[in-house]
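Hi everyone, thanks for making the time. I'd like to walk you through one structure, so please have the sequence and the 3D view ready.

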Amino acid sequence: MENEKKIIKIGLIGLGTVGSGVYKTLQNSEFVKVTKIAVKNINKPRNIEGLDRSILTDDPYEVVNSDADIVVELIGGVNPAFDLIKTAIENGKHIVTANKELLAKRGEEIFNFAEKHNKVILYEAAIAGGIPIIMPIKTILAGNKITRIEAILNGTTNYILTKMDADGASYADVLKEAQELGYAETDPTGDVEGFDAAYKITTLATLAFKQRIKLENVYREGITKVRAEDMKAANELGYKIKLIASAYLDENNYADVRVHPMLVSKKSTLAHIDYVTNAVSLEGHPVGSITLSGPGAGEFPTASSVVGDILAIVAELGKTDYLLPMMRCNHHDTAKTIDISDTSNKYYLSLNAKNKLGVIGNIGKICEGNNISLASIMQRGVSDNNTADITVITELCKEKDMQNAISQFKTSEYVNNVNSLIRVQI
Ligand code: HSE
């Protein structure tokens with residue numbers, strides 16, 4: 001028949017939340033058909049109407065060795081995903097993946113391997129779930145020099161911080177509630193200690209700066225030490241506290257890539273990104289500043305990104321020998337990076353001090369001795385145990401100087417405890 005369409009075959013590895021969303025979205029496609037699916041437990045009941053159980057296997061190698069044209073990897077983690085993807089590429093398949101950990105840890109190897117075999121690896125779903133950010137950076141923003149990214153890339157931590165802020169509740173209480181509601185994992189370490197966001201910003205910064213960022217050069221600090229009192233004080237000072245994944249490129253092309261809690265001005269867009277929503281703000285020339293926000297996880301939002309990647313490949317399969325040239329990821333230069341200890345920041349500092357003559361003077365003296373200029377200092381009375389919480393916001397100062405000041409506060413006869421040190425958005 002004239003104009004007969006070739007149906008493109010898709011092999012899925014993983015049929016969890018995202019895999020199910022992908023399967024359901026593709027069910028009625030006229031261009032593609034899911035022909036093989038690897039699952040952990042073949043007998044598990046699945047809430048997918050019309051699921052063809054005959055294509056299920058518990059051996060993911062059956063997918064990568066099948067006649068699929070595109071393999072979609074949705075199991076996460078480095079192993080066995082790394083070997084499965086390599087095997088699939090050797091077998092002539094293009095790859096779509098949502099695996100942020102694999103990309104951050106072994107991205108260079110698998111992208112080079114794919115290039116050698118003239119195959120593409122697309123990964124829109126790996127960063128900020130349903131928000132289209134990877135394709136836009138590769139295509140319509142390609143003419144930009146991107147120099148700054150600030151993003152909320154983890155829904156679990158954003159949910160916890162939003163709830164702490166709304167309810168005045170402690171981190172531990174909100175985490176427990178989030179776990180009961182299924183918003184946080186039983187072992188929440190990957191999210192709350194910032195690993196997940198660090199994987200995502202590593203890949204995002206590599207793409208944006210067109211130079212490879214190594215995960216080990218990304219500074220990472222989670223949200224477990226943020227206190228309800230910090231939320232309250234930040235609010236009074238005109239800020240919200242968010243876990244921000246950031247990447248800055250200086251005029252000498254040095255990259256400063258980090259994940260840590262940050263006080264963001266209530267006037268900024270990121271301050272209004274609440275609960276599980278994600279957002280990416282970036283600055284580039286000539287575009288200026290843009291922010292994209294939306295669902296960073298979930299069955300259908302993430303499936304939207306996976307299916308978009310699949311269809312981008314499908315659109316060019318069989319029409320060219322070198323498909324999707326703008327969407328390939330072959331950055332061979334490793335970025336020069338700045339260590340956090342060599343950066344300058346503004347800080348929010350909370351100290352618990354003795355109710356003693358000269359306390360504020362002592363704090364001021366330690367700051368002055370370390371070249372730290374104060375933007376504001378706040379004390380709200382004295383508590384029953386005759387101590388006072390003192391909150392300080394600094395001007396821009398060196399991280400090394402601040403760490404030195406912290407050591408001095410810890411040994412000061414006026415200070416009982418350094419409650420918190422959180423960087424402030426500049
Ligand atoms: N664990 C991630 C989050 C979702 O909490 O945002 C998937 O990347």
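**A walk through the fold**

Let's begin with a pair of strands: strand 11 (residues 277-285) and strand 12 (residues 288-295) pair in the antiparallel sense, over eight bridges. Two residues sit between strand 11 and strand 12, and the two strands form a hairpin. If you want a place to put your cursor, E283 stands opposite S289 in strand 12. One thing to keep in mind throughout is that this is a predicted model.

Now let's turn to another sheet. In what order do the strands of the open sheet of six strands come? The order is 3-2-1-4-5-6, and the pairing is parallel. Strand 3 (56-57) and strand 6 (121-122) are the edge strands, each pairing on one side only. As a general reminder, strands of a sheet pair through backbone hydrogen bonds, either parallel or antiparallel.

Let me pick out two of the pairings. Strand 1 and strand 2 run parallel and are joined by six bridges, and here G11 stands opposite K36 in strand 2. Strand 4 (residues 70-73) pairs with strand 5 (residues 94-97), again in the parallel sense, over four bridges. In that pairing V71 stands opposite I95 in strand 5.

Is strand 1 mostly covered or mostly open? It is mostly covered, with five of its six residues buried. And what lies across this sheet? Helix 11 (residues 299-316) lies across strand 1 (8-13), strand 2 (32-38), strand 4, strand 5 and strand 6. Relative to strand 5, helix 11 runs at about 165°.

Next, a helix: helix 10, residues 228-236. Which residues of helix 10 are buried? They are A228, D230, M231, A233 and A234. Let's stay with A234 for a moment. Its relative accessibility is 1%, so A234 counts as buried, the cut-off being under 20%. Leaving aside residues up to four places away in sequence, A234 touches Y239, I241 and L263. For a sense of scale, the C-alpha atoms of A234 and D83 are separated by 46 Å, with these positions 151 residues apart along the chain. Just after helix 10, G238 takes a positive phi of about 95°.

From there we can move to strand 9 (residues 239-249), where S246 is found. Is S246 buried or exposed? S246 counts as buried because its relative accessibility is 0%. Not counting residues up to four places away in sequence, S246 touches I149, E150, I201, D256, V257 and R258.

Two of those contacts bring us to the charged pairs. R258 forms a salt bridge with D256, and the closest N and O atoms are 2.9 Å apart. Both partners are buried, R258 as well as D256. Salt bridges that share partners also join K100, D196 and K200 into one network. How many salt bridges does a search of the whole structure find? The search finds 25.

Another of these involves a residue we have already met in helix 10. D230 forms a salt bridge with R227, with 2.7 Å between the closest N and O atoms. D230 and R227 are both buried.

My last salt bridge sits within one helix. The side chains of D167 and K163 meet at 3.2 Å, N to O. Both residues lie in helix 6 (residues 155-167), four residues apart, which is about one turn of the helix. The general rule is handy here: an α-helix has 3.6 residues a turn, so residues three or four places apart point the same way. Now look at how covered each partner is. D167 has 45% relative accessibility, so D167 counts as partly exposed. K163, in contrast, is buried, with a relative accessible area of 15%.

Let me finish on the surface. L181, Y183, Y275 and V276 make a nonpolar surface patch of about 370 Å². L181 lies in the loop between helix 7 (171-180) and helix 8 (189-192).

That's the tour. Thanks for listening, and I'm happy to go back to any of these places on the screen.

Notes: Residues are numbered from 1 along each chain as its sequence is written. This is a predicted model: local features need pLDDT of at least 70, side-chain atom pairs count only at pLDDT 80 or more; totals for chains, interfaces and linings use all residues. Side-chain values use heavy atoms; hydrogens and water are left out. Two strands pair if DSSP finds at least two bridges between them. Contact means heavy atoms within 4.5 Å. Axes are lines fitted to C-alpha atoms, for helices over the stretch in contact, and angles run from 0 to 180 degrees between N-to-C directions. Patches are made of residues with over 30% relative accessible area and no salt bridge: like charges are joined within 9 Å, nonpolar side chains (Val, Leu, Ile, Met, Phe, Trp, Tyr) within 5 Å. Accessible areas come from the Shrake-Rupley method with a 1.4 Å probe; for residues, only the protein chains shown count as cover. A salt bridge is a side-chain nitrogen of Lys or Arg within 4 Å of a carboxyl oxygen of Asp or Glu. Buried means under 20% relative accessible area, exposed over 50%, partly exposed in between (1.4 Å probe, protein chains only).
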